[in-house]
Structures are given as structure tokens and as C-alpha cells.
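Please open the model in a viewer and keep the sequence panel visible. The stops below are given in the order in which they may be selected.

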Amino acid sequence: MTDTGSREIILTGINVSPGICIGKAYLVDIEGVDVVKKYFISEDDVQDEIKRFKSAVNKAKQQMLTIITNAPEELRDHTYILETHKTLLKDKMLYGRTIETIKNEKVNAEWALKKVVSDVKSMFKNMSDSYLKERATDIVYVSDRIMRNLVGAESEKIADIDKRVILVANDLSPAEASQINLERIKGFVTDRGGKTSHTSIIARTLEIPAVMGLGNATNIIKNDNLIIIDGTVGTVIIHPTEETLLEYGVRSAKYEELKAAITRDSYLQAETADGFQLKVMGNIELPEEVVSVIDYGGDGIGLYRTEFQYLSSPILPKEYELFDKYKDVVEVIAPKPVTIRTLDINGDKAFSNNPDYMEANPALGLRAIRYCLKNPDVFRTQLRAILRAAAFGNVRILIPMISSYEEVLETKRILDEVADALDKEGTLFNRNVELGIMIEVPSAVIIADILAGEVDFFSLGTNDLIQYSLAIDRGNRNVAHLYHSLHPAIIRMIKQLADVARNKGIKLFMCGEMASDPINLPILLGLGIDELSMNPQSIPAVKSMIRALKVEDARAFMKDVFKQNTASGVEELIRETYGSILFEKVYARRKAFGDRAQKNYYRKQKGQT
Ligand code: PEP
Ligand code: MG
């Protein structure tokens, strides 16, 4: 079965969807249109050129409709991603501006579209938040489709592939990934993309292994090469040896067995073996994702990122539009809580009509609460919508990027003002909502004792806390190897917060990615986090791991953790101590074990004791 004469090659990318698959590579030839010619048109031809553009958009709309109609059953709850792309086709930022450019500059439609997309890209490029960057990718996917229609380029239809294969592509749009036929496509790998992309959400929903962000896999992998994808750790093995194939056969079977058991039990409480109950909640970005949180056994929404509504349109959303979306989420999940985080925008450029506006350091700029306090009308509108939605269920408000005491006081003052105004107007609302702050800036950790007196809960945003504490840009691949959740500085910060929260009688939650990796759980339990929130797909594995742990042991374990000087030392200690539980209760995952323990395990599996 192996490709003889070829050396085994291992590529490492981003583990976007867990699981293992083994099969032949199928290179997908979906290219964007690279070369676009510019030419000028006469005043008389402007209307025809606009008509040509509109008909390319209409054709794209038809294509999207066909894809939505034929999407696999598993994606029914997720077609909102495709619906969003369909809506983006007529987005003012794309559609309106392209027509204006054709009119004003008297250029051909292809050139106008290319120019507009490049403006949009540079506007989003300045944002450090990977989530926001991914939204720019959505616009690029949509415009690629229009462009192909304009130049008459056909793209390969993934739906037509009639062999059992693994897809290898430079990039896959959500629309392309939605055409995957589960009977044929075992998994996919791409050069581009990452964990927060909609394409990765689709892979997780379809439950097929996927590795993205490999850089140049399409140059290394050839059609029909035998490859293994390990979507759990993010590796792709080309030309595997017989031994590797055997090893992965065992891992794959074990993983499938465990996955079935974990999913079956995901409705059970996350209660430790010594009776301590932890809430495991879901993070969402779009209201439609609530369904996944419920399906995966989440105890509520621990983080509702509200940015998307502000970025999907060039004008600010109205109060009623925000209210409608929040109310939907609140009602669907009631009586479980919904933690609505106020706008976490990277500066005001997303609303600006001037794409040239830039901050030198957007991550340190007018972001999140700083933006809201500088633009109190925008803030008030959102707070009004949240308090009104709170009348329909269980709502908490969460404020991002707090770095000082004054910001908390000012936020509370505005919140009171908004509630008073609603009261006077006689509008239905609920003032009885808990107020929490994200702890994601080191200064907030240091003055946590001061902040605790003003709020009901802290929520640890480890994605940013790690970025700001270790001085590592979370979106920069060059320093990604230095980004460690288990860095001793981060563990000490969490301990400090947990101690403050306990002493001051407030709750400590965590909604950063650190919460979603089962390997971190002994430490999070040992330090005393009250509630974890994560991408919905991670909920079952985290719950399964919690049920296998004891708080008492985890607390005692912390003594050894604090003796470690490095992140790798902490990780190795967890693997040595908890490796077998991770392996048995979570997934057949290489990283679960210390290296020696792992080798012994596989030797035993193969009967080589
Ligand atoms: C975080 O920083 O950990 C977090 C949850 O917020 P976001 O990823 O949206 O910045
Ligand atoms: Mg954050």
C-alpha cells in the first residue's frame, strides 16, 4: 500500500478538525483569477459594464443557492455561513463600491472589483484579531466567485469527485467545503486558513479530519500520493511507512471508539470523580451557532462575540437589529445563561469610510472598551439592546479589554444611565444582569483586587492575556512557537486571580482557547476556575476529562506544577501524571502521553511487549 521508493515526510499545520484518515491525495485545482487586465470604458459603455457585473453577481447567487440546497444533511444547521456569503454578494462594501468604481473611474468590472477587494483587504489587515481577519477572507471568497464568473473561468466541482480521496487544496472556501460528499471525501488539507475560519467550522461539523495553514502542501503532495491526516495534532504524513500505517490504524480505531462514547455522554454533567461541578459553556460568534452549543451539551453561552454584526455592514447596526439577534439567542438557550460581550473592535477603522486610516499598533490601540468609551453613542445603543434582550432570559454582560479601574466605573455609569432612560421611556428591559469583565490585560490581573469590588465575575481571556503578557502577537506565525498557555507566568497569573476571586467572593470564568484543551484541565481545576467556555465542538471532550479527574488530586498536583520553570516542563509533567487519563478519556492523541509512555503503549498495541 505504501509508495515504494519515497521517503516519509511529515508536515505540520493547524489542527482544525480532529480525527485520523488515511487515503490517496486529490489535488483540487481551484485557483483565484490572478491576472486581471485594466482597461478604460467610455461613458456610453458604463451602464453595460455595470450590467455585466450585476449578471456575474446574480450568477454567483444562483451558484450559492444550488450549493445551499444540495448541502449535506449534517450542514443543515450551518448553512448560515453560506447564507452570509450570499448576502455579502450584495454587500455595499463590495457590490456598491464596485459599481461606484466602474462609474467614477470608467474602468472594466474586473479591475473595479479587484481594486475594491484590495481596499477591503488592507482595511482588515490592520486588525490583529484573527476572527476579524477571517471575516475579510469571507469577502475574498465571495469576490473570487464573482471574478470567475466575470472572466468565464470554470472551477472544479468538488461535488463531482467520484473517488474515495483526501482533498489537498491551496485554499477551500466554505462554499467549496460544503460540497464535500461524506461517502467520498475522507478529509482535507489546505495551504491557507486557520482554526477560526468558516471552512474549519464546516470540517468540524462534518466531523472529518482537517489540517489547514500548511503553507506549501500543494507543492509537496502529488495526486495519488498516499497520505495520513492527523487532524487532532495537525500533522500530515506523506509516503507513510508500513510501521506508521499500522500505528495510525490503531490510533484511528481507538479515536473513533472514544469519540462515539464521549459524544454519547455529552449531555451528562461535568462533575469530577469527587463531586465538584463545573459549568462547561460554548463560545459563539453568530446567533445560529447556539444550536451547536445545545447539541454538544453546553451549559449555556460563556462568550457571545458580537463583532460580526458591526463588520458585515458598512453602517452601524440599529438598536432593533442588535436586539432581535440577542433576543433570539437568549430565548433559544433560556434558562441557561448567555454572556454577551460588548463590542471588541480593533479601533474604529471597521466603520471608517477611509481605508487608509491605520494605527501603528492596533492591538494596543483604540480597541474594545476603549473604542466604546470614546464613542458612547455606539456603546449606549448596544447596552440598550442587551438590557432589552435580558427581559427574555438569563443574560450577563461582559466587558472586553479592561485595563484600569476608571474604565469599569465609567462603564457602570453608562450602564446605569441607559437603564434609567429605558425605565423612563417605559421600554421592557431587565436591569438585573450580572456584570463581568474580561481579564486579558496584565494590568487587570495586577489590580484584580481593586476591580473585584465592582463586578460580579471575571472571565479570563487567555488568547489576549498570553499575547499581552508574553509580548507575542497572536496572529504572527513567526513567534507562534513561543505562545504557550502553560507558561509559568500565565499559570501564576491565573492563581493570583483565583485567589482574589475566592477572597472577594466573585466567580472566575475562562473563555479563551486555553479552556478548550483537555491537557490544561488538571491545572484549571487545581487553581479553582468556576466555569469554562469554548468552541462548542470541544465541549464533549472537556466534560469527559473533567468527569475523570479529582479536584483534590488536582490541587495537590499544583505544588509540583509550581516547581517547573518552563512551559514544556509543565506540559511534560501533566503528560506523565495525567497521560493515561487523557488517552483513555479524551482521545488517542500522541501529545497525551510522555514520549516514553507513548512508545510503550503502541508497542503493546502491536503485541511487541
Ligand atoms: C480572549 O482574548 O481570550 C478572548 C476570548 O477574546 P477574543 O479571542 O475574542 O479576543
Ligand atoms: Mg480577547
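Which residue follows α18, and what is the sign of its phi? Select A471: this residue comes after α18 and has a positive phi, near 55°. Before going further, note that this is a predicted model, in which local features need pLDDT of at least 70 and side-chain atom pairs count only at pLDDT 80 or more, whereas totals for chains, interfaces and linings use all residues. Residues are numbered from 1 along each chain as its sequence is written, chains are lettered from A and ligands numbered from 1 in the order in which they are written, and side-chain values use heavy atoms, with hydrogens and water left out.

**Helix α18 and its surroundings**

Extend the selection backwards to residues 462-470, which form helix α18. Helices (H or I, at least four residues) and strands (E, at least two) are DSSP runs, numbered from the N terminus. Of the 9 residues of α18, 8 are buried, where buried means under 20% relative accessible area, exposed over 50% and partly exposed in between, with a 1.4 Å probe and protein chains only. The buried residues are T462, N463, D464, L465, I466, Q467, Y468 and L470. Display next the elements against which these residues pack: β11, β14 (434-439), α16 (442-446), β15 (457-460), α19 (488-504) and β16 (507-510). Contact here means heavy atoms within 4.5 Å.

**Aromatic pairs**

The model has 5 aromatic pairs; rings of Phe, Tyr and Trp (its six-membered ring) pair if their centres lie within 6.5 Å, and planes under 30 degrees apart count as stacked, over 60 as edge-to-face and the rest as tilted. Select F53 and Y95: the ring centres are 5.8 Å apart and the planes lie at 35°, so this pair is tilted. F53 belongs to helix α1 (residues 46-70) and Y95 to helix α3 (residues 92-105), so the pair ties together parts that are 42 residues apart in sequence. F53 is buried at a relative accessible area of 0%, and Y95 is buried at 15%.

Move to Y304 and Y326, whose ring centres are 5.7 Å apart with planes at 85°, so the pair is edge-to-face. Y304 is in strand β11 (residues 301-305) and Y326 in helix α12 (residues 319-333). Y304 is buried at 2% relative accessibility, and Y326 is buried at 0%.

**Two helix pairs**

Return to α1 and add helix α2 (residues 79-89): their axes are 10 Å apart, at an angle of about 170°. Axes are lines fitted to C-alpha atoms, for helices over the stretch in contact, and angles run from 0 to 180 degrees between N-to-C directions. Angles under 35 degrees count as roughly parallel, over 145 as roughly antiparallel, 65 to 115 as roughly perpendicular and the rest as oblique. α1 is thus roughly antiparallel to α2. Residues to show include V57 and M64 in α1, and L82 and L89 in α2.

Then select helix α22 (residues 551-561) and helix α23 (residues 567-585), whose axes come within 11 Å and cross at roughly 140°. That angle makes α22 oblique to α23. The contact is made by D553, A554, F557, D560 and V561 of α22 with V570, L573, I574, T577 and Y578 of α23.

**Last stop**

Finally, select I201 in helix α7 (residues 198-206). I201 is buried, at 8% relative accessible area. Add S17: the two residues are 184 residues apart in sequence and 8.1 Å apart in space, C-alpha to C-alpha.
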